[in-house]
Amino acid sequence: MPLETDTLVYVNYIAKIKDTNEAIEVTIEDEAKKLGVHDPSRKYEPKLIAIGEGWVLKGLDEALASANVGDKISVEITPEKGFGQRDPSKVKMIPLRKFGEKASEIRVGDEVEVENKIGIVRFVGSGRAQIDFNHRLAGKTLLYDLDIIRKVEVDKDKIIALIKRRIPIEEEKIELTMENDSVKIKLPVDLYLLEGLQIIKRAISNDIFKFIKEASKVYFIELYEVKKPTAPPTQPEQEKAQEEKKA
């Protein structure tokens, strides 16, 4: 039975550029090593996707909507359903002085930010830099090899998956309780100062309201504790410890 809209599934995939066969994204560590794109700093695991929610490229979303759990499929995604066609108007000449002290460091191929837009440096000369603000995969046809592993069906598993989608955290560090229409989430104290945490909490709450129909309240619990100093050992305890060492 094809996957329904809003279904949460875990998918492994290998994505390549059709013309060059260059791997651009891989969710399986062994495959990343074979393809020469392994990144030791990232965690390789299946990707969580909500069918029909635009979490992935349009062409990929459409292919998944007609697939089943357990399917292994190959999908070709044209620019129209991928990252779009290249737009020449998005290639701009920018005076190097706009980059301030970093102007002398600008090189062809660098990724730079100009007026809150990310672009790639295509040319540097005569006091100017040509910046391409097209997505680097614009105009490319992509190939995806997909393995639809499993559907997330239990509410608690859905919530944990939705949290991990927004926060890089191990499952065992999430304390979660559900009661009637309330969801209570306790995150570890080392995440309390995570940049943008309040925005992330709001996004997680919205995800929970969307995918957990019974939920109408989400609580994030922050617990601060004073660590009490350890009491020094008593005389009998010290003597016992010394005797044990001698033995």
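In which strand is Arg-122 found? In this predicted model, Arg-122 belongs to strand E7, which covers residues 117–125. This residue makes a convenient starting point for a tour of the structure. With a relative accessibility of 40%, Arg-122 counts as partly exposed. Leaving aside residues up to four places away in sequence, Arg-122 touches Val-108, Gln-130 and Asp-132. Its C-alpha atom is separated by 8.5 Å from that of Arg-107, a residue 15 positions away along the chain.

The sheet around Arg-122 comes next. Strand E7 is part of an open sheet of four strands, arranged in the order E5-E8-E7-E6, and the pairing is antiparallel. At the edges lie strand E5 (91–95) and strand E6 (111–114), each of which pairs on one side only. From one strand to the next, the twist averages 45°. As general background, strands of a sheet pair through backbone hydrogen bonds, in either a parallel or an antiparallel sense.

Two pairings within this sheet can be followed residue by residue. Strand E5 and strand E8 (residues 128–132) are joined in the antiparallel sense over five bridges. Here Lys-92 stands opposite Ile-131 of E8, and Val-91 has Asp-132 of E8 as its bridge partner. Asp-132 is also one of the residues that Arg-122 touches. Strands E7 and E8 likewise pair in the antiparallel sense, over five bridges, and Gly-125 is matched with Arg-128 in E8. These two strands form a hairpin with two residues between them. Within the turn, Ser-126 has a positive phi of about 55°.

Where else does a positive phi appear? Most residues other than glycine have a negative phi, and two asparagines are worth a look in that light. For Asn-21, phi is near 65°, a positive value in a residue other than glycine. Asn-21 is placed in the loop between E1 and strand E2 (23–26), and its relative accessible area of 47% makes it partly exposed. Asn-180 is not a glycine either, yet has a positive phi of about 55°. Its place is the loop between E10 and E11, where Asn-180 counts as exposed at 74% relative accessibility.

The loop that holds Asn-180 leads on to another sheet. Three strands form this open sheet in the order E10-E11-E12, with mixed pairing. Its edge strands are strand E10 (175–179) and E12, each pairing on one side only, and the twist averages 15° from one strand to the next. Strands E10 and E11 pair in the antiparallel sense over five bridges; in E11, Ile-185 is the bridge partner of Leu-176.

Helices lie across this three-stranded sheet. Helix H3 lies across E10 and E11 and runs at about 135° to E10. Helix H4 lies across E11 and E12, running at about 145° to E12.

Helix H4 (residues 197–211) deserves a closer look. The helix has 15 residues and reaches 21 Å from its first C-alpha to its last, close to the 21 Å expected at 1.5 Å a residue. Its buried residues are Leu-197, Ile-200, Lys-201, Ala-203, Ile-204, Ser-205, Asp-207, Ile-208 and Phe-211. What covers these buried residues includes strand E1 (8–17), strand E3 (47–50), helix H3 (155–166), strand E11 (182–186) and strand E12 (217–221).

How many aromatic pairs are there? The count comes to three. One pair involves Trp-55 and Phe-211, whose ring centres are 5.9 Å apart with their planes at 75°, so the arrangement is edge-to-face. Trp-55 lies in the loop between E3 and helix H2 (58–65) while Phe-211 is in helix H4, so this pair ties together parts that are 156 residues apart in sequence. The cut-off for a buried residue is under 20% relative accessible area, and Phe-211, at 8% relative accessibility, therefore counts as buried.

Rings also meet charged groups in this model. The charged end of Arg-42 sits over the ring of Tyr-44, at 4.1 Å from its centre. Lys-184 lies over the face of Tyr-219, 5.7 Å from the ring centre.

Notes. Residues are numbered from 1 along each chain as its sequence is written. This is a predicted model: local features need pLDDT of at least 70, side-chain atom pairs count only at pLDDT 80 or more; totals for chains, interfaces and linings use all residues. Side-chain values use heavy atoms; hydrogens and water are left out. The expected span of a helix is 1.5 Å times one less than its number of residues. Buried means under 20% relative accessible area, exposed over 50%, partly exposed in between (1.4 Å probe, protein chains only). Contact means heavy atoms within 4.5 Å. Rings of Phe, Tyr and Trp (its six-membered ring) pair if their centres lie within 6.5 Å; planes under 30 degrees apart count as stacked, over 60 as edge-to-face and the rest as tilted. A charge sits over a ring if NZ of Lys or CZ of Arg is within 6 Å of the ring centre and within 35 degrees of the ring normal. Two strands pair if DSSP finds at least two bridges between them. Axes are lines fitted to C-alpha atoms, for helices over the stretch in contact, and angles run from 0 to 180 degrees between N-to-C directions.
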